[in-house]
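Visitor: I should be grateful for a close look at one part of this structure, namely its nonpolar interior. Please take the request slowly and connect that part to its surroundings.

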Amino acid sequence: MRRFHNAPPVPSSSSTALVIGGGVIGRACALALQRGGWRTTLVDPEFAVDAAGMPPSWGNAGHIATEQVEPLASPAMLRSAPRRWHGFGGALDFRQPWRHAGWIASYLRACSPSRFEAGRSALRGLLAESLPAWRRLAQALDAPELLKEQGHWVCWESEPGARRGRAVWRGADIGTASCTDLPDDQLTALQTRLAVPLAGGIAFENTAQIADLPTLALRLAAAFERAGGRPHRARVQTLMRDGRRVHAVTEAGERLDADLILVCAGVRSRALMAALGLRAPLIAERGYHLQWAAHDWPALPPVVFEDRSMIVTRFAGGLRAASFVEYAGPDTPADPRKWARLQQHAAELGLPVQGAPRPWFGARPTLPDYLPALGRSACFDNLAYAFGHQHLGLTLAAVSAELIAELCAGRAANLAPFDLDRFA
Ligand SMILES: Cc1cc2nc3c(=O)[nH]c(=O)nc-3n(C[C@H](O)[C@H](O)[C@H](O)COP(=O)(O)OP(=O)(O)OC[C@H]3O[C@@H](n4cnc5c(N)ncnc54)[C@H](O)[C@@H]3O)c2cc1C
């Protein structure tokens with residue numbers, strides 16, 4: 001497709017924006033645009049936030065992961081893949097890999113040392129701003145209590161695992177986070193809740209947790225509407241072009257026009273962009289969780305049981321255990337063995353939970369180089385995008401929204417490393 005270098009759309013008092021997708025990225029962006037002067041409509045087929053089919057924005061582990069500076073497209077990840085394989089007891093699985101050969105080839109290229117270094121430097125900058133941006137957003141939502149700044153813990157059950165894990169984290173780039181050995185009293189507080197002996201742990205600082213994801217979703221929606229934004233319940237079926245402009249068409253056949261159209265539809269963004277001839281090679285990188293409404297887990301920060309690749313987070317609505325990196329299509333049915341494995345981990349650890357847990361699975365939207373796509377289209381004057389946030393969508397929602405609002409207001413925002421044209 002021929003490319004143009006267009007002037008940025010700058011909002012006037014009557015400029016309209018359409019944000020497609022009401023996950024955490026879409027809601028945060030819609031609020032930032034509305035507050036930035038755009039008359040914004042947020043379109044999503046389903047605004048429910050606490051159900052089996054909810055998007056990963058509300059099914060995730062709640063961790064503001066400022067420490068995850070190193071992109072998962074890395075030589076180290078490639079080397080460790082065999083021992084992380086689901087068939088050998090690990091969390092990594094590939095469903096129908098032959099259907100994703102293009103993505104795999106692109107991922108392998110992104111694992112080269114030079115691409116990894118470039119990705120690390122780009123993520124480092126974004127993550128450094130993620131927690132400050134969350135503080136601003138939590139204040140703007142009038143809900144500072146939603147952001148719990150008590151770090152997170154990583155622990156191990158075996159001495160060799162603890163030695164290896166500590167060495168890996170000490171050698172890793174963890175950006176603005178820091179970590180130290182978990183003090184004895186905290187290790188004991190954790191140990192007394194578990195049926196297995198722990199060999200050690202580390203405590204991270206300058207990471208955080210969102211205390212309650214459904215409340216976050218509701219607060220974002222309420223703030224958006226209070227600022228004058230309009231929610232619209234519909235599924236965008238496709239995007240269509242009129243010369244250098246784009247409009248959306250819903251499943252019901254309704255045409256939606258706007259001066260700015262921002263695509264934030266998670267893994268479904270791939271098909272929307274493809275309709276315009278734009279390449280967004282997203283894969284559904286699915287995770288699973290179990291959540292128990294009744295439990296006696298204390299008010300600890302999120303705890304990663306690294307030998308089990310599982311994170312346990314206490315939310316206002318219950319105790320959640322999450323895991324798995326399952327590459328698949330967005331519509332591939334769930335694999336119930338993964339919930340059984342989570343249940344087994346919970347039983348072996350002796351997590352103090354009662355009753356039957358609620359199972360959930362959902363797809364992280366992941367591009368081959370594990371960097372998000374944030375920017376404006378060079379082909380269409382009114383098209384912008386914010387998707388592909390992989391494991392970091394919650395972490396990066398607030399900073400992504402600030403940057404998108406800056407960009408769309410015509411102000412400088414250094415988003416070059418996240419330009420989708422890297423896959424053109
Ligand atoms: C198990 C698990 C644990 C995770 N833990 C963490 C964590 O601790 N910290 C962290 O930072 N990240 C975490 N993540 C990743 C994070 O959840 C995602 O990166 C994030 O949800 C992406 O948000 P999103 O808004 O881009 O996409 P989504 O959450 O997928 O939302 C997309 C929205 O777009 C809507 N939509 C889709 N198609 C259309 C259409 N055609 N028309 C209109 N609307 C549409 C959907 O209904 C949905 O509301 C985790 C993910 C999983 C699966």
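Visitor: Which residues in the largest nonpolar core touch the most other members?

Guide: The model is a predicted one, and the account that follows should be read in that light. W134, L216 and L262 are the residues that touch the most other members of the largest nonpolar core, a set of 63 residues. Helix α12, which spans residues 393-408, contributes the largest share of this core, namely 10 residues. A second core lies apart from it; this one has 31 residues, including L18, L239, A363 and L383. In general terms, nonpolar side chains tend to be buried together in soluble globular proteins.

L262 deserves a closer description. Beyond its neighbours within four places in sequence, L262 is in contact with L18, V19 and I20, with C29 and L33, with A384, Y385 and A386, and with I404. One of these partners, L18, is listed among the members of the other core. The contacts of L262 may be set beside a statement about the whole protein: of the contacts between residues at least 6 apart in sequence, 77% join residues at least 24 apart.

The chain around L262 offers a further view of the same region. Strand β14 covers residues 260-263, and A265 lies in the loop between this strand and helix α10, residues 269-274. Residues up to four places away in sequence aside, A265 touches I20, G21 and L272. I20 is thus a contact of A265 and also a contact of L262. The C-alpha atoms of A265 and G23 are 7.5 Å apart, although 242 residues separate the two in sequence.

Another site to examine is T66, in the loop between β3 (63-64) and α3 (75-80). T66 has a relative accessibility of 0% and therefore counts as buried. Its contacts, with neighbours within four places left aside, are L127, S130, L131, I174, T176, A177, N206, T207 and T395. Of these partners, N206 has a backbone feature to note: its phi is positive, at about 65 degrees, although N206 is not a glycine. N206 is placed in the loop between β8 (200-205) and β9 (208-210). With a relative accessible area of 32%, N206 is partly exposed, whereas T66, its contact, is buried.

F324 also has a positive phi, near 85 degrees, and is likewise a residue other than glycine. Unlike N206, which sits in a loop, F324 belongs to a strand, β19, residues 318-328. The relative accessible area of F324 is 3%, so this residue is buried.

Two further positions extend the picture beyond the buried residues. E348 is found in helix α11, residues 336-349, and is partly exposed, at 37% relative accessibility. Apart from residues up to four places away in sequence, E348 touches A195, V196 and R308. Between E348 and L403 there are 55 places in sequence and 44 Å in space, C-alpha to C-alpha. S13, in the segment before β1 (16-20), is exposed, with a relative accessible area of 70%. The C-alpha atoms of S13 and W38 are separated by 7.2 Å, and the two residues are 25 apart along the chain.

The setting of these sites is the protein as a whole. Its secondary structure consists of 12 helices and 23 strands. The radius of gyration is 21 Å, close to the 22 Å given by the globule rule for 424 residues, so the protein is as compact as a globular protein of that length. Along the principal axes, the C-alpha atoms fill a box of roughly 65 × 45 × 40 Å. Buried residues make up 56% of the 424. The protein exposes about 17,300 Å², of which carbon and sulfur atoms supply 54%. Its charged side chains number 46 positive and 39 negative, and the centres of the two sets lie 5 Å apart.

Terms used:
Residues are numbered from 1 along each chain as its sequence is written. This is a predicted model: local features need pLDDT of at least 70, side-chain atom pairs count only at pLDDT 80 or more; totals for chains, interfaces and linings use all residues. Side-chain values use heavy atoms; hydrogens and water are left out. Helices (H or I, at least four residues) and strands (E, at least two) are DSSP runs, numbered from the N terminus. The radius of gyration is taken over C-alpha atoms; the globule rule is 2.2 Å times the number of residues to the power 0.38. Buried means under 20% relative accessible area, exposed over 50%, partly exposed in between (1.4 Å probe, protein chains only). Contact means heavy atoms within 4.5 Å. Accessible areas come from the Shrake-Rupley method with a 1.4 Å probe; for residues, only the protein chains shown count as cover. Lys and Arg count as positive and Asp and Glu as negative; His and the chain ends are not counted. The place of a charge is taken as NZ of Lys, CZ of Arg, CG of Asp or CD of Glu. A nonpolar core is a set of buried Ala, Val, Leu, Ile, Met, Phe, Trp, Tyr and Cys residues joined through side-chain atoms within 4.5 Å.
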